[in-house]
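Trainee: Please take one sheet of this protein chain and go through it closely. I would like the strand order, the edges and whatever packs on the sheet.

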Amino acid sequence: MALQNPNVANGNNPIPKSSVYPNLRKVSSYEAFNPDTQAFTEKPVVSKVGRDGSPLVMQYLWLPSDYKETLGSFGINLPYEEVQSQAISVEMESINTTENAAVTPFPSPREGQIIKAQLAEPPKLQPVLIILDDGWPNDEAFARSNDFVADALEIIKRKFNYPVYLQRPPVQSTEYPKSIFHARSIDMALSSLTALEPSSDWKGQRVKVVYIPLSTAQKGSKKILEELVTLRLIDDFMLDARGDPVPPGEVEIRRKIAKDIVDRLKQEIGVANLNTDKAIIESVLAFADLYSIASGNPYVVNFSWTTTKRKYKFTNFDFNEGILVSAAGNSSSSDCKKCLPNLAYSPECICADNAAAQERWFAVRSVSNQDVVAVMNTTHDGNLQCRSSIVGSKEVDPLAISFDGYVSRDICGTSFAAPRVAWLLAAKLAYISPNILSDLDAPDRGHKLREMIRAIRQGGNNSGGKYNLDINKLFTN
């Protein structure tokens, strides 16, 4: 109780006083927290400006991540904890297939004609497709991605007065610890679509494909990730004061935190289970949002991997202004090749793994929050292939799409259906009216873009391709 006898006549009486302590950097360094006694070494400072009559104090605590087990002793049953940084493992895999059936060319000749005709028109916007994965597939992708991030940070700096920047290395190259890895397979999956671009010059292409790494295995990755995490930390600090000068001392504090987070990342590439940090994922989303606000151009972010749902909340998912696309996973039994996604709860599909029921992130959000597009891997007629998981719900129509993720006999999975869908959605965004976005406030822009997605599916309650992305609808609706 702030006051034993609060003034009930005070209009500010119902507004709690607030306190946020200790200083976050002192928590991470254990200056303000003793892990042996599980006690704080600082006392809270309560802000009561304009709230002298309030009988309540709202107390926020910064906690070390390893303190979570003690929360239960206070009887606090939280559905999640909001932490700044937390190590997580993501699953990225390709399914080897031994099927001898003839593979339908992707895209089909008719689909290729539709896409090519659309891309021949001058674009109205310049969308970016961000592939968040294990690395850059080649030197050219690294050079383009590095240049884009540098240019985007400059645009953000001018708009929000944030001291962020990325130097362009004199030689645009990176390294490849392994000859085959996930990002290269994604590049192969997209090659048949990018070949339809009217210009070979990247600056003239309708969809700017940018790769951002989840790990620090490749040369050049640390600088980019440190700057993106710094950007996110600065934006969190400024809150509603965007555009005001950022105190230099606060910038240095956040740069140090960002460096510590990135330094903890493992240098992994070409592995099925890659270790990263939630701070990387959130920082990429914050970067995409800030770039979109500053430039007026929409974005699509692709997650060609899954991770187990955890207690830690990903705050930037809640208000994203673009389209987020996630693979559903490849966890179904190998005998589910003829299972149709729309029959998820029928006996013939009992073997299909449901990403929503398993709460596999981030595909589950296509059902729960409906702010992520989950992608299944199917043939043109809607049959699951390469052990694709499904995304099903008895209660709601999920924000899900099924699409072809077959690239070759040894490259097949939702990991490759998802970026194809993401690329096509980005191509669609190049031709929407700029007023659709400029006339809306955040986060309504993202909601408006996601609402367009339901209209581009094949539909039909009994159709095997109910969730199939219809390329003709995509460019005519």
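Mentor: Here is the sheet, after a short note on the model and the chain. The model is predicted, so local features need pLDDT of at least 70 and side-chain atom pairs count only at pLDDT 80 or more, while totals for chains, interfaces and linings use all residues. Residues are numbered from 1 along each chain as its sequence is written, and side-chain values use heavy atoms, with hydrogens and water left out.

The protein chain has eleven helices and 16 strands, taken as DSSP runs numbered from the N terminus (helices H or I, at least four residues; strands E, at least two). Of its 477 residues, 52% are buried, meaning under 20% relative accessible area with a 1.4 Å probe, protein chains only.

Six strands make up an open sheet with parallel pairing, in the order 7-6-9-11-13-14; two strands pair if DSSP finds at least two bridges between them. Strand 7 (208-213) and strand 14 (400-403) are the edges: each has a single partner strand, so one side of each is left without a neighbour in the sheet. From one strand to the next the twist averages 25 degrees.

Within the sheet, strand 9 (residues 299-303) and strand 11 (residues 323-327) run parallel and are joined by four bridges. Here N302 stands opposite V325 in strand 11.

Helix 7 (residues 278-295) packs on the sheet and touches strand 6 (128-133), strand 7, strand 9 and strand 11, contact meaning heavy atoms within 4.5 Å. The direction of helix 7 makes about 165 degrees with that of strand 9; axes are lines fitted to C-alpha atoms, for helices over the stretch in contact, and angles run from 0 to 180 degrees between N-to-C directions.

Conventions. Buried means under 20% relative accessible area, exposed over 50%, partly exposed in between (1.4 Å probe, protein chains only).
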